[in-house]
Amino acid sequence: MKKKIVIANWKMNHDFYETTSFLRNLLKILLDKKINHKKKVIIAPSFPFLQISNQILQGTAFSIAAQNVHQMENGSYTGEVSASMLKSIGIQKVILGHSERKKYCYETNDILLKKIHISFKYRLNIIFCVGETFFERERKEQFTVVKNQLEETVFQCSSEKMIDFIIAYEPIWAIGTGKTATPEQAQKMHKYIRTLFIDKYGEKISKKISILYGGSLNEINAKNFFSKEDIDGGLVGNSSLQIEKFLKILSS
Ligand code: PGA
């Protein structure tokens with residue numbers, strides 16, 4: 001059975017002190033075996049703290065992801081961070097297509113496809129977010145919306161690139177709102193996404209793709225989500241900011 005994956009997406013939270021003390025405490029508690037968990041854990045801190053976070057987690061089973069990468073190789077893009085820069089400090093993973101980046105930074109599927117290509121070029125493993133808005137779900141368009149998002153981005157890529165690929169299904173209306181999809185709604189979408197991968201890349205590859213749920217996942221509801229067949233873990237925002245809550249999610 002595939003190991004469940006839990007990703008902490010810290011967004012624009014935690015300064016240097018908070019980041020480093022969180023990670024040190026987390027390791028200490030887990031190494032003291034006070035918490036029994038079998039999840040693969042990925043932490044996505046802010047850009048300035050990627051390197052120190054990576055150093056703290058060196059030699060452990062934990063890994064670090066960047067929350068974004070720019071689509072161009074290098075050049076005059078003030079304030080941006082390139083894939084080669086991430087790679088040069090030992091970062092192996094990147095989150096792409098988060099709905100907050102689409103909303104506030106106007107990332108389109110065209111831009112995301114470029115980000116996917118540059119991430120492949122620098123061998124960054126991708127965590128790719130998809131999901132529908134509240135109105136799209138009200139109009140019962142959620143499946144078409146997610147299919148289009150995948151077709152215009154990930155499905156433009158060949159099957160050999162799909163190793164270690166992670167999809168995060170994050171219904172936009174559930175992110176940071178306290179409203180979650182029900183585990184059944186999420187399972188239905190995850191199964192649908194899995195079927196799309198089977199149609200595109202075949203059974204063998206699709207089985208290796210991890211599909212995580214994100215959107216107000218917390219220490220209380222995580223267990224119900226993780227018990228579903230096609231839910232391979234979670235992408236957690238708010239509830240990953242406090243160590244106690246995050247540990248409870250890990251042991252769910
Ligand atoms: P949330 O965020 O858990 O705070 O809803 C999830 C995410 O945006 O990845």
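This passage describes a helix pair, the nonpolar cores and one loop residue in a predicted model.

A good place to start is the packing of helix α1 (residues 16-31) against helix α11 (residues 243-250), whose axes lie 11 Å apart and meet at an angle of about 45°. The two helices are therefore oblique to each other, and the crossing of α1 over α11 is right-handed. On the α1 side, the contact is made by Phe22, Asn25, Leu26, Ile29 and Leu30, while α11 contributes Ile243, Phe246, Leu247 and Leu250. Sorted by class, this contact of α1 with α11 holds eight nonpolar residues and one polar residue, with no charged ones.

Turning to the interior, the largest nonpolar core has 65 residues, of which Ile43, Phe128, Leu150, Val154, Ile167, Ile193 and Phe197 touch the most other members. Helix α8 (residues 183-201) supplies the largest share of this core, with six residues. Another core, of 12 residues, lies apart from it and includes Ile42, Ala44, Ile166 and Ala168. The neighbours of Ile43, leaving aside residues up to four places away in sequence, are Ala8, Trp10, Leu23, Leu26, Leu57, Ser63, Ile64, Ala65 and Phe246. Two of these names are familiar from the helix pair: Leu26 of α1 and Phe246 of α11.

Finally, the loop between α1 and β2 (40-44) contains Asn36. This residue has a relative accessibility of 62%, above the 50% cut-off, and Asn36 therefore counts as exposed. Although 211 residues separate Asn36 from Leu247 along the chain, their C-alpha atoms are 9.4 Å apart. Leu247 is itself one of the α11 residues in the contact with α1.

Terms used:
Residues are numbered from 1 along each chain as its sequence is written. This is a predicted model: local features need pLDDT of at least 70, side-chain atom pairs count only at pLDDT 80 or more; totals for chains, interfaces and linings use all residues. Side-chain values use heavy atoms; hydrogens and water are left out. Axes are lines fitted to C-alpha atoms, for helices over the stretch in contact, and angles run from 0 to 180 degrees between N-to-C directions. Helices (H or I, at least four residues) and strands (E, at least two) are DSSP runs, numbered from the N terminus. Angles under 35 degrees count as roughly parallel, over 145 as roughly antiparallel, 65 to 115 as roughly perpendicular and the rest as oblique. A crossing is left-handed if the near helix is turned anticlockwise from the far one by less than a right angle, and right-handed if clockwise. Contact means heavy atoms within 4.5 Å. Ala, Val, Leu, Ile, Met, Phe, Trp, Tyr, Cys and Pro count as nonpolar, Asp, Glu, Lys and Arg as charged, and the others, Gly among them, as polar. A nonpolar core is a set of buried Ala, Val, Leu, Ile, Met, Phe, Trp, Tyr and Cys residues joined through side-chain atoms within 4.5 Å. Buried means under 20% relative accessible area, exposed over 50%, partly exposed in between (1.4 Å probe, protein chains only).
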